[in-house]
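User: I'm new to this one. Can you walk me through it?
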Amino acid sequence: MDRIHKVAILGAGTMGARIAAHFANAGVPSYLLDIVPRDADNPIRNRVAAAGLEAAQKSQPAALFEQSGADLITVGNFEDDLKRLAEVDWIIEAVVENLDIKRDLLRKVETVRRPGTITTTNTSGLPVAEIAEGFPIDFRRCWFGTHFFNPPRYMRLLEVIPTPETDRALVDAVSRFADVRLGKGVVLAKDTPNFIANRIGTFCVLNVMRLMQDLDLTIEEVDALTGPAVGWPKSATFRTIDLVGLDVLGHVVSNMGKIEGQERSLPGFFRQMLERKWLGDKTKAGFYKKAKTADGHEERLAIDWKTLEYHPRRKAQFSSLEMAKNIEDIGPRLRMLLGLAGDTASRGDKTSSFLWAALCDLWNYSANHIPEVADSIVDVDRALRLGFNWELGPFELWDAVGVNSTLTRMKSEGREVALNAEKLLASGKSLWYADAPETPSGRLFWHFPSQDYAPVAVPPGVWSVAVAKKARAVVKRNAGASLVDLGDGVACIEFHSKMNSLGTDIVSLISQTLRPRGAGDAFDAFVIANDAPNFSVGANLMLLLMSIQEQEWDDVDLAIRQFQAMTQAIKFSPKPVVVAPFGMTLGGGAEITLHGASRQPHAELYIGLVEVGVGLLPAGGGLKEFVLRAVDSAKKLREGSRGASGGPSDSVELLEAMKQAFETVATGKVSTSALEARRLGFLTDRDLVTMNRDRLLSDAKTRALELVRAGYVPPVARTKIPAPGENILATLKLGVHLLGQGGHITEYEVKLGNKIAEVLCGGNVTPGTPISEEQILDLEREAFKSLCGEAKTQERIQHTLKTGKPLRN
């Protein structure tokens, strides 16, 4: 990993430019090169590469953590700048999927690269060995495939495809670098057309299209059946194709047609869409498109695959799918949908018929293509999970539904069954995976060559709370949280409520763990982390609304006091508490993060104090912590400047710091990355960022142990904070007033902004008046309670609970 300090990406198209952007996210400088334009009217020789970088900078979702990352990317062209390849440690070819074009470019590369320089291709399916066939031995030794998925920042899969001549030490170096620095889940694939994910994923898509035609289903119905119901993304089948591009899928399918003895082709309606250049989002028309209604509103239209005419998108009407939404676990949910849960009456309906055929074909196809595309079921499952955001890979999904029961039914229906599946049952086993608490991964997989179970290998540092719970004790547990022994004197406080919303269960477990003579006495340090998609979406609004509607104001007051006591217990714990936030970390989740002794965030951190969206303000110490950060940063700036005038509470530095803090809270600003979270004040310069989500728990534990070994001393509650006071309060209120006058915010949002400003400034007091942390908490609590009694706040809470979206009233 230490050998890769600078890279070059050849080809500044959609993939090449976004790969360069993700290297920039990791702090790695790169050259982004492309052809010299032949347009005589525009002599700028780097125009193609510059346009690619500009497109990446403007892309949505954002390719860069922050726009400043583009400074690490130097654009150039193949004629003037290939000599710069001698400076880099890794060259990635990402030009058009044409074998001759790739080989012609790489011949030029071979003349300028330093011997031993890693050189890889981002081809999505061309034979990797064939691209470098006939090149010098040093080139071939350093040559292999590195297939990134689009968009590279968000799609975690990196398929690494070595050739028989590739130096495995270089494969290991790139795999380690991609894992730790780029945050990738690395899967070794065979040099076969489309590798693993695209090979199986494309089969699945083509099969879904066939079944749609056979069962006379609509585009909307298929997307309803192939989304979250089966653990696949909301974009399902056809919306995903629109995002990727119909032309891209067409190219991948053409690669499958080259496989000997296998005929895979696109249906007629798809080929007609290609001919009409209806390629999806890039051409603003695909299986779906947006259109304006007569009254000027925007609506999404769906295509009729029989007529190729568009119509307003219709919601699929499947009663079984509606019932399935109430079943959280994917195994029981699918068994119900497939008619495997005891009631077989549903087997004849369209839902069951479609899903049964689609999943049987997926399972058998996957099992039949090991070891052709991969050495193990683990590689197949990881590729599909990471490459397409599936909840479970094919074999994991098969286990969840039941291998024995599905094979029995397949045979009774006369379906072909994969030989590898037959061998599994013949061995007396009925699961592809088995638990193994004593192994680093916590599980075993069925190993075809040995016809026995073998440990699932994971790189050192890859860990999860689920694995830790298998191997070690759960010390304490309630419905919303658990205290898990991580070993070495460190315990993990894990949230596991719905969406990790913060209710009394989580608050009480944290408080009981951290109090003297509490459940945490046996440990030296704590980590707050979990395995869910998001760290926490904030407080449980339903519980709050119920108390408000019942006018149980004492209960509201008590709940706020308990939450504040919990965050203060985190901050002033004599034992360090490291918070490991990731994904959505909102409201109370952000307040928990702010109070940690240290933070170990994942790079994809979307953190914000968003209470204003429901007509409230942060009351768990979030405003208090922003006041402290503003006061301390202003003091640091003043001490670093010479000849500054003004007192500590009326300085320009403090005004600017307070304005930023106010804007962040009053607008409910949410970071788009950990880097932006640091700029917004949620993280400090000392908080290190983890790029790979799978390493977050291990990194957080390591940080906790570092604090223990350094002789951690907790902070002391501050009692003499110089209040920003009335002058800054007046400035903030003037800004709020002007926004209201200009029609940018509502009258009620003016009121909310003023409340937030009053708490942040320590009240309408003389600048510099000493105030304590406890006093600011009191201001938070009283302002929060007063807003709870407002009808417009209650309307906002109800609207958010009903729609999941904020209301501006």
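Analyst: We can go through sheets, helix pairs, cysteines and one loop residue. Keep in mind that this is a predicted model.

User: Sheets, then. What is the strand order in the eight-strand one, and how is it paired?
Analyst: The order is β3-β2-β1-β4-β5-β6-β7-β8. The sheet is open, and its pairing is mixed.

User: Which strands are at the edges?
Analyst: β3 and β8, the latter covering 185-188. Each pairs on one side only. From one strand to the next, the twist averages 25 degrees.

User: How many bridges join β7 to β8?
Analyst: Four, and the two strands run parallel. β7 spans residues 157-162. Glu 159 stands opposite Val 187 of β8.

User: Which helix packs on that sheet?
Analyst: Helix α1, residues 14-25. Its contacts include β1 (7-10), β2 (30-34) and β6 (143-148). The direction of α1 makes about 165 degrees with that of β1.

User: What about the sheet of three strands: what order?
Analyst: β12-β13-β14, open, with antiparallel pairing. β12 (433-435) and β14 (452-455) each have a single partner strand, so one side of each lacks a neighbour in the sheet. The twist here averages 35 degrees from one strand to the next.

User: What holds paired strands together, in general?
Analyst: Strands of a sheet pair through backbone hydrogen bonds, in parallel or antiparallel fashion.

User: Back to β12. How many bridges does it make with β13?
Analyst: Three, in the antiparallel sense. β13 covers residues 443-447. Tyr 433 has Phe 445 in β13 as its bridge partner. Helix α15, residues 377-388, packs on this sheet and touches β12 and β13. Its direction is at about 115 degrees to that of β13.

User: Now helices. At what angle do α7 and α14 pack?
Analyst: About 150 degrees, with the axes 10 Å apart. α7 is residues 197-215 and α14 is residues 350-368. The cut-off for roughly antiparallel is over 145 degrees, so α7 and α14 count as roughly antiparallel. α7 passes α14 in a right-handed crossing.

User: Which residues meet there?
Analyst: On the α7 side they include Ile 200, Phe 203, Val 208 and Leu 211. On the α14 side they include Phe 354, Ala 357, Leu 362 and Tyr 365.

User: And α25 with α29: at what angle do they cross?
Analyst: Roughly 135 degrees, and their axes come within 10 Å. That makes α25 oblique to α29. The crossing is right-handed. Met 658 and Phe 662 of α25 are among the contact residues, as are Ile 756 and Leu 760 of α29.

User: Switching to cysteines. How many disulfides are there?
Analyst: Zero, searching the whole structure.

User: Why does Cys 204 have no bond to Cys 360?
Analyst: A disulfide needs sulfur atoms within 2.5 Å. Cys 360 holds the closest cysteine sulfur to that of Cys 204, yet the gap is 12 Å, so it is too far for a bond.

User: Is Cys 204 buried or exposed?
Analyst: Buried, with a relative accessible area of 7%. Cys 142 is also buried, at 0% relative accessibility.

User: Last one. Where is Ala 70?
Analyst: In the loop between α2 (47-58) and β3 (73-77). Ala 70 has a relative accessible area of 9%, so it counts as buried.

User: What does Ala 70 contact?
Analyst: Gln 57 and Leu 64, leaving aside neighbours within four places in sequence. Lys 469 is 399 residues from Ala 70 in sequence and 41 Å away in space, C-alpha to C-alpha.

Notes. Residues numbered from 1 in each chain as written. Predicted model: local features only at pLDDT ≥ 70, side-chain atom pairs only at ≥ 80, totals over all residues. Heavy atoms only, no water. Pairing = 2+ DSSP bridges. Axes fitted to C-alpha atoms, helices over the stretch in contact; angles between N-to-C directions. Contact = heavy atoms within 4.5 Å. Buried < 20%, exposed > 50% of the residue type's maximum accessible area, 1.4 Å probe, protein only. Parallel < 35°, antiparallel > 145°, perpendicular 65-115°, else oblique. Left-handed = near helix turned anticlockwise from the far one by under 90°.
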